[in-house]
Amino acid sequence: MAVIEGKSPASGNEDYTQDGTVDLKGRPVLRSKTGRWKACSFIVGYEVFERMAFYGIASNLVIYLTNKLHEGTVKSSNNVSNWVGAVWMMPLAGAYIADAYLGRYRTFVIASCIYVLGMCLLTLAVSLPALRPPPCTQDQNCPQASSLQYGTFFLALYIIAIGTGGTKPNISTMGADQFDEFEPKERSHKLSFFNWWFFSIFFGTLFSNTFLVYIQDNVGWTIGYGLPTLGLAVSVLVFLVGTPFYRHKLPSGSPITRMLQVFVAAGRKWKLHVPDDPKELHELSIEEYASNGRNRIHHSSSLSFLDKAAMKTGQTSSWTLCTVTQVEETKQMTKLIPILLTTIVPSTMIVQAGTIFVKQGTTLDRRMGPHFEIPPACLAAFITIFMLISIVVYDRVFVPAIRRYTKNPRGITMLQRLGIGLALHVIIMITACLAERRRLRVARENHLFGLHDTIPLTIFILLPQYALAGVADNFVEVAKIELFYDQAPDGMKSLGTAYFTTSLGIGSFLSSFLLSTVADITKRHGHKGWVLDNLNVSRLDYYYAFMAILSFLNFLCFLVVAKFFVYNVDVTQTKLGLDISRASSQPQDNTGIAKHPATRWQILGRTPPLLLLAF
């Protein structure tokens, strides 16, 4: 296991932070005047409004593409999936720019301006008659959108995607940076940050999935998009107001370049034998790292072929010789990739909840009383509601109960939490399959096969799959961001957060690929196909069954990956003088967690998921 050595606190300056944070001018910052919850309040406030803006678009986008731009089921769903995929993939670029050049704060501010610009253009695209096609006449002869209309609308969407690329990987990491891990009181406060962070996300999401979706469906798209645009602009101003209170981490160079250097250097020396004594490998002194605000990481035995990059051969180029710390950083990021791959398939379900699930809802009875119809996209609010409920139950009931047996402050490990969520995804797809079979049976019994026929079945038959999706998110999504942030080295925190968004991005593209491929293959040789524009004659139940099988196979792959995963040692243990050597000498279970209760916490990572929500 990799042990990290931290720099010593500056003597006589106990009030300065000890984690290397500085102000915007690169000067050390006083603990009493910066950071902590005072700074995080501005960051969390921004996130509430930003989530309102993003989900104000994403939740109901498939309906706009269908009803206003007159796209079919597969095309509209894939356009949403591809845009969402771009939104979640762009953080890789944002993390690279922040870590290598501009830092998190400046990258975030520039990206936020681009984000607001895209929202303004999108509001114009849905407001001006010249930028949208005429409505259908009696549900027939729907005019196609012109190149200008398509171009303007999707240009706005992808400008937003570029903007989110700079905000998503940096804002959450910047929030976590406001707590000094080397100060016990601040460290205890940091334990609750990600839970509050997700609480702010879900609050904004819930508002979008209810109020904004209703406005878009019943009042108009101009107001429905104008309100989140205004909210986003205000949130950026709120964030800027908090500038004097923020702590900043200096850019430490491109993490991707540093990783590539290790792989290239190791590849060039692939014929050499790694010395038995790690002290013969190239490394800098603790003082050199401390002067740059970084920590030195001790050698570990995992992925030993990468140790060749630190072997001394007389050449000193950064592409032929790397330090042990650089090699260990690369190891830590590399071992997360198999975990990332196993989270891609469940990420497809998140996209489907905003596309195929919503399209199902349009065919069902949406009446709630004589004068109100629930917008089909509003059911996504139940994902948020059930996730919030499950988080509270998880923290207040499950964790205390299971902790008595595991002696683990988290209750269960991050990988165990993730594994439970992946198993739930299999159940979600089975539930969706059964609900769709019932919908199709009622359609056949009533001979309702028309494109716009409403099935006499309440839309709330879809509620179980939405509710289970919310419960699964409590396990999968929280565990993912926590794992990728915790296990990433200090200089690659933004990249670690980008791993989280990358799994969602690839999952979105995979969803688009699977839907298109299944729709195409099942229409061959004269068959009707599983996914058609008319869902009343489609076989979505077969598609959901296919996704259930795929999710189960993915779960089996995860079990294999988790068996060989080993957690990092906590950076602060050396700093705080804890006995880390005991952790490496204790027996371990299949997830790399020491069984001895006194040392188990030491290798779990930095941010326990204990929820401290003060309702």
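Let's start with contacts. Take the contacts in this protein with a separation of 6 or more: 81% of them join residues 24 or more positions apart. Keep in mind that this is a predicted model.

Now the overall inventory. The protein has 615 residues, and 57% of them count as buried. Its secondary structure comes to 22 helices and four strands. The accessible surface is about 24600 Å². Carbon and sulfur atoms hold 65% of that surface.

On to helix packing. Two packed helices are described by the angle between their axes and the distance between the axes. I have three pairs to show.

Pair one is H1 with H3. H1 covers residues 36-58, and H3 covers residues 73-89. Their axes come within 11 Å and cross at roughly 155°. An angle over 145 degrees counts as roughly antiparallel, so H1 is roughly antiparallel to H3. The crossing is left-handed. Who makes the contact? From H1 we have Arg51, Phe54, Tyr55, Ile57 and Ala58. From H3 we have Trp83, Val87 and Trp88. By class, that contact has seven nonpolar residues, no polar ones and one charged.

Pair two is H16 with H17. H16 runs over residues 414-445, and H17 over residues 463-487. Here the axes come within 8 Å, and the crossing angle is roughly 155°. The 145-degree cut-off applies again, so H16 is roughly antiparallel to H17. H16 passes H17 in a left-handed crossing. How do the residues of this contact divide by class? There are 20 nonpolar, six polar and four charged.

Pair three brings H16 back, with H13 as its partner. H13 spans residues 344-353. The axes of H13 and H16 come within 10 Å and cross at roughly 45°. That angle falls outside the parallel, perpendicular and antiparallel ranges, so H13 and H16 are oblique to each other. H13 passes H16 in a left-handed crossing. On the H13 side, the contact uses Pro346, Met349 and Gln352. On the H16 side, it uses Leu422, His425, Ile428 and Met429. The class split is five nonpolar, two polar and no charged.

Next, backbone angles. Most residues other than glycine have a negative phi. Two residues are worth checking against that.

Take leucine 303. Its phi is positive, about 45°, although it is not a glycine. Where does leucine 303 sit? It lies in the loop between strand S2, 296-297, and helix H11, 324-334. Leucine 303 counts as partly exposed because its relative accessibility is 29%.

Then lysine 407. Its phi is also positive, about 60°, and it is not a glycine either. Lysine 407 lies in the loop between helix H15, 381-406, and H16. H16 is the helix from pairs two and three.

Last part: three individual residues. I'll give location, exposure and a distance for each.

Leucine 117 is in helix H4, residues 91-127. Is leucine 117 buried or exposed? Exposed, because its relative accessibility is 52% and the cut-off is over 50%. Leucine 117 and alanine 156 are 39 residues apart along the chain. Their C-alpha atoms are separated by 8.2 Å.

Leucine 463 is in helix H17, which we met in pair two. Leucine 463 is partly exposed, with a relative accessible area of 23%. What separates leucine 463 from leucine 379? In sequence, 84 residues. In space, 7.2 Å, C-alpha to C-alpha.

Glycine 529 is in a loop. That loop runs between helix H18, 493-521, and helix H19, 540-564. Glycine 529 counts as buried because its relative accessibility is 7%, and buried means under 20%. Which residues does glycine 529 touch, leaving aside those up to four places away in sequence? Thr522, Lys523, Ser538 and Arg539. Glycine 529 and leucine 540 are 11 residues apart in sequence. Between their C-alpha atoms the distance is 9.5 Å.

To recap the pairs. H1 with H3 is roughly antiparallel. H16 with H17 is roughly antiparallel. H13 with H16 is oblique. And the loop residues with a positive phi are leucine 303 and lysine 407.

Notes
Residues are numbered from 1 along each chain as its sequence is written. This is a predicted model: local features need pLDDT of at least 70, side-chain atom pairs count only at pLDDT 80 or more; totals for chains, interfaces and linings use all residues. Side-chain values use heavy atoms; hydrogens and water are left out. Axes are lines fitted to C-alpha atoms, for helices over the stretch in contact, and angles run from 0 to 180 degrees between N-to-C directions. Angles under 35 degrees count as roughly parallel, over 145 as roughly antiparallel, 65 to 115 as roughly perpendicular and the rest as oblique. A crossing is left-handed if the near helix is turned anticlockwise from the far one by less than a right angle, and right-handed if clockwise. Ala, Val, Leu, Ile, Met, Phe, Trp, Tyr, Cys and Pro count as nonpolar, Asp, Glu, Lys and Arg as charged, and the others, Gly among them, as polar. Buried means under 20% relative accessible area, exposed over 50%, partly exposed in between (1.4 Å probe, protein chains only). Contact means heavy atoms within 4.5 Å. Accessible areas come from the Shrake-Rupley method with a 1.4 Å probe; for residues, only the protein chains shown count as cover.
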